[in-house]
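Subject: Structure for your review

Dear colleague,

Please find below the structure that I am handing over to you. My notes on what was found in it follow directly after.

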Amino acid sequence: MFNLNNEIDKWKKTFRKNPSLEDGYIEELEQHLRDVIEECMEKGSDVETAFNEAVKKIGSGASISDEYYKSATRNKFSARPSWRVPRWMPVMIWNYYKVALRNLKRNKGFALINILGLSIGIAVFVLITFYTQNELNYDGFHKDGERIYRLLREAPKSKGAYKIAVTSGPFAPAIKTDFSGVVDEVLRVCPADGLVSYLDQNIWEDRFYLADNHFFNFFSYELLTGNKDEVLNGPNKLVISDETAVKYFGDENPVGKLIKLDNQYSFEVTGVFRSKHPNSHLNFDFVASLQTFEGTWLLDEWWSNSVFTYLKLNPTTDVNLLDYQLDAFMLKYFGDDFAQTKLPMTLTLERLENIYMNADSRYDHIAHGNKTVVIIFSFVAVFVLLIACINFMNLSSAKSVKRAKEIGVRKVIGAQRKSLVMQFISEATIYSLASGAVAALLIIFITPHFENLTASDIAFPIDNPLFYLVSLLFLVFLGFLAGSYPAFVLSGFKPVKALSNEKLADGGSGIRRILVVTQFVISIVLISGVIVVFSQTSFLINKDSGFDKEQVVLIRANSPEIRSKRFELKEALIKESAIKSVSFMSGEPGGFHDSFAFKIEDKGGEFFQMRSLVTDFEYLSLYNVELLHGRNFSEQYSLDSTQAVIINETAARYLDWQPAEAIGKRMAIRFYNEEQYRSVIGVVKDYHFTSLHTNIDPLVIFPANDHRVIAIKIKSDDISSVLNTIEAKFGELIPGFPFQYEFLDETFEANYSAEKKQLSVLSILTVLAITIAVLGLFGLSTHSAESRKKEIGIRKVLGASAQRLIVLLIGNFLKLVLVSNIIAIPVSWYISKHWLSNFAYRTELTIVPFALTLIATVLIALIATGHQTLKAVFMNPVESIKND
Amino acid sequence: MLSKNLMAASSKPLILAILRGGENYGYQIIQRVKELSGGELEWAEGMLYPVLHKMQKDGLVQTKWKLSDNGRMRKYYRLTTKGREALNNEKQQWLKVHGMLEKVWQPDASLGTT
């Protein structure tokens, strides 16, 4: 029976929901409604028709209240009431939000796992993304950077096709004249080091560059004071970084100050550049005008390895053609030399933006990155994020059964599948936004540590609004990604089943297994990868290098002061009982070893390129390098200092000599005196005079004066008192000069700092990835134990033993772990093999890392699932069965 | 049918003019509008009230709840002095527009400057 008053009350209720309608307004509308009803009934309609007619005439409550709101609001831009959802959002978004929050409160543990996992994933992803961006964008800030190239010398294929990053001074002017119109500008940069003195400050600076006058025009480093065109124009000019200015001059104006280099050259500071510049392969604190050294070997000697030469090409230049023409250029200037040495070098060009990532050139002592590492890191970042998303998918779809009733009710009331999918995606988005906020905090906290670890400088574009927009879009996208699968499972429930008490099949458990396997495959690849990297790094560090690097102190003798006093220093030090021996050399093992052409007598005077080492007579004994044949240099033979060499085994093989036969063969050194033959007096066993990244090259050791390093072998264990002694002697002989020293074992190990860095970053990423995966597994096992509580209770009552139940419950997870291992091992094997092939000396890839990984993952799975499983198994069955 | 914009624009002078004849309540205002338009002007009747509310807020009308003869409460609207001024103002404007349109629509005027 139609009851008018009831219906009117209901009708009024729809208005009450609207905050902008006050009771009086509704009352007024009601009276209007009643008037219309009366009017209709007078025309002969029955009550119900009249009511419906009247409701229709008055119009919808929403649009009326919107009008009321418009007349009340002061918002000039939008008449949309604040409680109404914008058109682009799902209509029921606030309800979804409310329900999501309720669910979050009800399942705090799950929410925590989800948000924690996701935020770690996001933080790692964002950090690594910016890190790789940084790495890949080196030198991207230079104006006309796409036209800038560095000139490299290249040895022919027959000699190993190696590249040399440095050229000599005369190249630049010659190229400028020979290629005018093709090459717009040529620039020389000489990375140097030296003793910088100002008043009573003497500091050894190793970022002291010499460069041509137009350095600041050629490159786009920012000048804070000084005119780009003038600062380096003329000899004895110097530009310093703002930080260096503070270091030397404090608050005083640096411009006009005079500083000394190596107590020999004086420079006037003419400008200041910003030391914080975008990432660049060149990193310097001082740039002095190269013109200062006009007329010296540095600028005039063709055969030297002293400067980087950069070309800025004309925009119309065909690079390949120029590269080809440069070979003719080489022949023009070096043709005669090549005919003699039989070692024709060609020239090639390297794009400015590629310099940072190409680390394979010789004598290229600038900042370098590693593309493989960048690629590996990017993959790992994506994987960590993926693991976090999978966690979310798994946990939400597992929890879905508990929400079956809600979904049933929504469906019965009329929710369509589309709107349910929208609901769960919105819910996931709420999670992803929350995780984003947590991730932002994590990033703020982690970034300084990460920068330390990778020695990089990550710049977040925090003042760019686009950054926030992209972040937001990324989080929404993540919500879609993570929410789509649970949404699909959840919205598929049949309402009748969902609402009856019938137990629902655990939706999507098959896919869940696949997802868990995916997570574990990623984790396994990471764990075994870390083990491989670790074993290779420790192999590099611990491999017998063939010489004794313990208790050796190194003093750099690059500066004339130290070099000139080295013999006195040696004499003074050798008297000390704690010092075993002192030796001079051109470069310590792991350090600089130049490459010379040697004229070999029994090869018909043909030239062979080999690495060289200039030493005194103590070198072999100090480092305990094993002599295989012949004898060491000795004071007893007066001609040793000018007419003897010692070679390594590889050199003997390279020259087709049996090591024993090599004794007595003769060679001349092109750089010294081509006519003066020296005899091989000994052959040493191969030792690693360079890092283990490269093979042992042929090496010729000979006494000469070009000493740059002083090595001091210490006898005593009391290092600090010996160091004090050395410092005292040093101070007496070379007063006012800073005493700086290194330990050989440390400098040698520093060759592997890149590997160590990679190892630590990779380890951290792996730990994070595993943490997320473990969180997920823990959640999943909790869910599985919970949902099988009753089953376990019944099994127990029927007599199942605890062991059997544990096997039953954990067995499932272990199966997944085993399957993951089977999938992951070949992948990991392949990647490891590839990575190891970067090294000339490497550990054998054995089964051990993979076996360890298998054990580790099984343990991890046991730990993650164990607690919940044991809890379920040892629960009193009465508890679990008694409810309904 | 009138366009939505024109309807919205004309509602204010229409209501003001109707109220000039004395205080009135919503239902009757609607009836009067219907009469005037010959049934052509169809408002969603509820939409009248927000307009009245706005006019009250602007001080153009005053309201008062009264008990009617059949025992129901009714809210009556009455023009204020400001409302009268507003009506005059509106009238001037509408007449001006009307006059302009009239002139433009004269058959010979449409020929332009000739």
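**Two loop asparagines**

Asn263(A) sits in the loop that connects strand E7 (258-261) and strand E8 (265-273) of chain A. Please bear in mind throughout that this is a predicted model. Although Asn263(A) is not a glycine, its phi is positive, at about 55 degrees. Its surroundings contain 15 other C-beta atoms within 10 Å, so Asn263(A) is partly exposed.

Asn236(A) also deserves a look. This residue belongs to the loop between strand E5 (223-225) and strand E6 (237-241) of chain A. Asn236(A) is not a glycine either, yet has a positive phi of about 60 degrees. Because Asn236(A) has 15 C-beta neighbours inside 10 Å, it counts as partly exposed.

**The two chains in outline**

Chain A has 884 residues, of which 37% are buried. Its secondary structure consists of 30 helices and 23 strands. If one takes the contacts in chain A between residues at least 6 apart in sequence, 80% of them join residues at least 24 apart.

Chain B has 114 residues, and buried residues account for 22% of them. Four helices and three strands are found in chain B, and their order along the sequence is α-β-α-α-β-β-α. For contacts in chain B between residues at least 6 apart in sequence, the share that joins residues at least 24 apart is 47%.

**Where the chains touch**

Chain A and chain B each contribute 15 residues to the contact. On the side of chain A that touches chain B, at least two residues come from each of H2, helix H3 (47-58) and helix H4 (61-72) of chain A. H2(A) provides the largest share of that side, with eight residues. By class, the residues on this side of chain A are five nonpolar, four polar and six charged.

**Helix H1 against helix H2 in chain A**

H2(A) also packs against another helix of its chain. Helix H1 (residues 4-16) of chain A and helix H2 (residues 23-42) of chain A have axes 11 Å apart and pack at an angle of about 140 degrees. The two helices, H1(A) and H2(A), are therefore oblique to each other. Their crossing is right-handed. On the H1(A) side the residues in contact are Ile8(A), Lys12(A) and Phe15(A), and they meet Ile26(A), Leu29(A), Glu30(A) and Leu33(A) in H2(A). This contact of H1(A) with H2(A) comprises five nonpolar, no polar and two charged residues.

**Helix H28 against helix H29 in chain A**

A second helix pair is formed by helix H28 (residues 802-836) of chain A and helix H29 (residues 848-873) of chain A, whose axes come within 9 Å and cross at roughly 155 degrees. H28(A) and H29(A) are therefore roughly antiparallel to each other. H28(A) crosses H29(A) in the right-handed sense. Residues of H28(A) in the contact include Leu805(A), Leu809(A), Phe813(A), Val817(A) and Asn821(A), while those of H29(A) include Phe850(A), Leu854(A), Val858(A), Leu862(A) and Thr865(A). The contact of H28(A) with H29(A) is made up of 16 nonpolar, five polar and no charged residues.

**A covered strand**

Strand E21 (residues 699-703) of chain A is mostly covered, as five of its five residues are buried. Both of its faces are covered: one side carries Leu699(A), Ile701(A) and Pro703(A), the other Val700(A) and Phe702(A), and all are buried.

E21(A) pairs with strand E16 (residues 606-615) of chain A, to which it runs parallel and is joined by five bridges. Within this pairing, Leu613(A) has Ile701(A) in E21(A) as its bridge partner. E21(A) also pairs with strand E18 (residues 644-648) of chain A, here in the antiparallel sense and over two bridges. In that case Ile647(A) stands opposite Val700(A) in E21(A).

**One exposed phenylalanine**

Phe477(A) is part of helix H16 (residues 465-491) of chain A. Is Phe477(A) buried or exposed? Phe477(A) counts as exposed, because it has 12 C-beta neighbours inside 10 Å. Ser432(A) lies 45 residues from Phe477(A) in sequence, and the C-alpha to C-alpha separation of the two is 9.0 Å.

With kind regards

Notes
Residues numbered from 1 in each chain as written. Chains lettered and ligands numbered in written order. Predicted model: local features only at pLDDT ≥ 70, side-chain atom pairs only at ≥ 80, totals over all residues. Axes fitted to C-alpha atoms, helices over the stretch in contact; angles between N-to-C directions. Parallel < 35°, antiparallel > 145°, perpendicular 65-115°, else oblique. Left-handed = near helix turned anticlockwise from the far one by under 90°. Contact = placed C-beta atoms within 7 Å. Nonpolar A, V, L, I, M, F, W, Y, C, P; charged D, E, K, R; others polar. Buried ≥ 20, exposed ≤ 12 C-beta atoms within 10 Å, placed from the backbone. Pairing = 2+ DSSP bridges.
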